[in-house]
Amino acid sequence: MRAIICGAGIAGLSLAWWLDRDGWDVLLIERTSGLRDEGYMIDFLSSGYDVAELMGLIPRLKEIHYPIPELIYVDRSGRRIASLDYELFYRLQKGRVFNFMRGDLERVLFEELPESVEVRFGLTLDEAKQAQEYVDVLLSNGEHERADLLVGADGIHSRVRKLVFGEERQFLRPLGFHTAAYIIENEELRRDLGGEFRLLSCQIARSAYIRSVTGRSLPSSFIAHQTRRCPHLTVSSSIRSTETSPGSCPLHSGTAGTTQRFTTIWLHRLRCLSGVREEWRS
Ligand SMILES: Cc1cc2nc3c(=O)[nH]c(=O)nc-3n(C[C@H](O)[C@H](O)[C@H](O)COP(=O)(O)OP(=O)(O)OC[C@H]3O[C@@H](n4cnc5c(N)ncnc54)[C@H](O)[C@@H]3O)c2cc1C
C-alpha cells in the first residue's frame with residue numbers, strides 16, 4: 001500500500017513513521033525548503049507523551065527537554081508577585097511531561113524516520129483526484145503520483161482539505177481565541193530573564209508568557225487573548241469559572257495568599273484538563 005502525506009509537521013512525520021512500520025510505502029511532501037525551527041516552548045504530556053513512548057522516543061525527548069524550575073507570575077511592571085513550583089506540575093503528571101521547543105520535536109521526529117520514507121521538501125499539491133481504488137495527485141513541480149491513501153497533515157489551513165472538500169471557511173470554527181507566538185531578538189531581555197519562565201495574566205483568556213531557553217540565545221513568547229466566549233471550549237469555560245469574577249483580578253488584588261490561591265487554581269486547571277481528556281477518550 002502507498003501513502004502520500006502532505007505536510008512534514010508533527011502529525012505528518014509521526015504518521016509517516018507509523019505507516020512505514022506497518023509496511024506502507026510512504027511519500028512525505030513538505031512545502032518549506034527544510035525543517036522549520038520557528039515556534040515556542042511546548043508542554044508535552046498526555047496522549048502526545050503516550051505516543052512518543054510507543055515510538056521509543058523518550059530517551060531522545062529527554063535530550064531536548066528544558067526543565068522549568070518555577071512559573072513566576074508578574075504584574076504589569078514586571079514585578080514578581082507569585083510563583084508556582086513547576087516540580088509540582090511534573091509530579092502531578094508522574095514525570096510524564098517534557099518541555100521543549102516545537103522545532104526540536106520536529107527535528108527528532110525527522111531524524112527517527114527510517115530511510116524507506118521518502119521526504120521531498122519544497123513541494124505542495126496542485127491537484128488531487130480521487131478514484132474508487134486510488135488517488136492521483138499533481139505535485140507543484142508538475143510530477144504526477146498515485147497512491148492508495150492521501151493524508152492532509154498540512155496544518156490548520158490545509159490545502160489537501162481545500163482540494164478535496166472545498167473552501168476552508170465551511171470547516172473553520174473560530175473558538176474565540178487569538179494567539180501570537182514569536183522569538184524576541186533582544187539581548188538585554190535575554191540577560192534580564194536568565195532561565196526564568198514568567199507569566200502576566202489576569203485570567204486564562206488574557207495571558208502573556210515569556211521564557212528563555214537554556215542553551216539558546218533568545219527568549220520565546222506566547223500571547224493568548226480571548227475575544228468571546230465559546231460553547232465548544234469546555235476546558236476554557238470550566239477554568240474560567242474557577243477564577244475571579246470580571247473586574248477582580250487576583251494578580252492585582254493584594255499579595256496575601258496569592259501563591260496559595262494560584263496553586264489552587266493551577267491544580268483545579270489540571271483536574272479540569274484531565275477530566276476533559278477522559279471525556280474525549282470515551
Ligand atoms: C512553524 C510552526 C511553529 C509552531 N509552533 C508551535 C509551538 O511552539 N507550540 C505548539 O504547541 N504548537 C505550535 N505549532 C502548532 C502545532 O505544531 C500544531 O498545532 C500541531 O503540531 C498540529 O500539527 P500538524 O502536524 O497537524 O500541523 P503543523 O504543525 O502546522 O504542520 C503542518 C506542516 O504542513 C506544512 N504545510 C502547510 N501547508 C502545506 C502545503 N500546502 N503543502 C505541503 N506542506 C504544507 C507546514 O509547513 C508544516 O510543516 C506550530 C506550527 C508551525 C507550522
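Colleague: Hi! Which element gives the most to the shell around the ligand?

Modeller: Helix α1 does, with three residues. Keep in mind that this is a predicted model.

Colleague: Sure. And which residues come nearest to the ligand?

Modeller: There are 23 residues around the ligand, and Gly7, Gly9, Ala11, Gly39 and Gly155 come nearest. Two elements, α1 (10–21) and β2 (25–30), give two or more residues to that shell.

Colleague: What's the shell like by class?

Modeller: Nine of its residues are nonpolar, seven are polar and seven are charged.

Colleague: Changing topic: how many helices and strands does the protein chain have?

Modeller: The chain has nine helices and 15 strands. Of its 282 residues, 18% are buried.

Colleague: Which residues have the most contacts inside the largest nonpolar core?

Modeller: Those are Ala3, Ile4, Ile5, Cys6, Ala16, Val26 and Leu28, in a core of 22 residues. At least two core residues come from each of β1 (2–6), α1, β2 and α5.

Colleague: Let's take Ile4. What is Ile4 in contact with, leaving aside its neighbours within four places in sequence?

Modeller: Ile4 is in contact with Leu27, Ile29, Val137, Glu145, Ala147 and Leu150.

Colleague: You mentioned α5. Which of its residues are buried?

Modeller: In α5, which runs over residues 102–112, the buried ones are Asp104, Leu105, Glu106 and Leu109.

Colleague: And what covers them?

Modeller: The cover includes α1, β3 (41–45), α3 (58–64) and β6 (97–101). So α1 turns up here as well as in the shell around the ligand.

Notes:
Residues numbered from 1 in each chain as written. Predicted model: local features only at pLDDT ≥ 70, side-chain atom pairs only at ≥ 80, totals over all residues. Near = placed C-beta within 6 Å. Helix = DSSP H or I, 4+ residues; strand = E, 2+ residues; numbered from the N terminus. Nonpolar A, V, L, I, M, F, W, Y, C, P; charged D, E, K, R; others polar. Buried ≥ 20, exposed ≤ 12 C-beta atoms within 10 Å, placed from the backbone. Contact = placed C-beta atoms within 7 Å. Core = buried A, V, L, I, M, F, W, Y, C linked by C-beta atoms within 7 Å.
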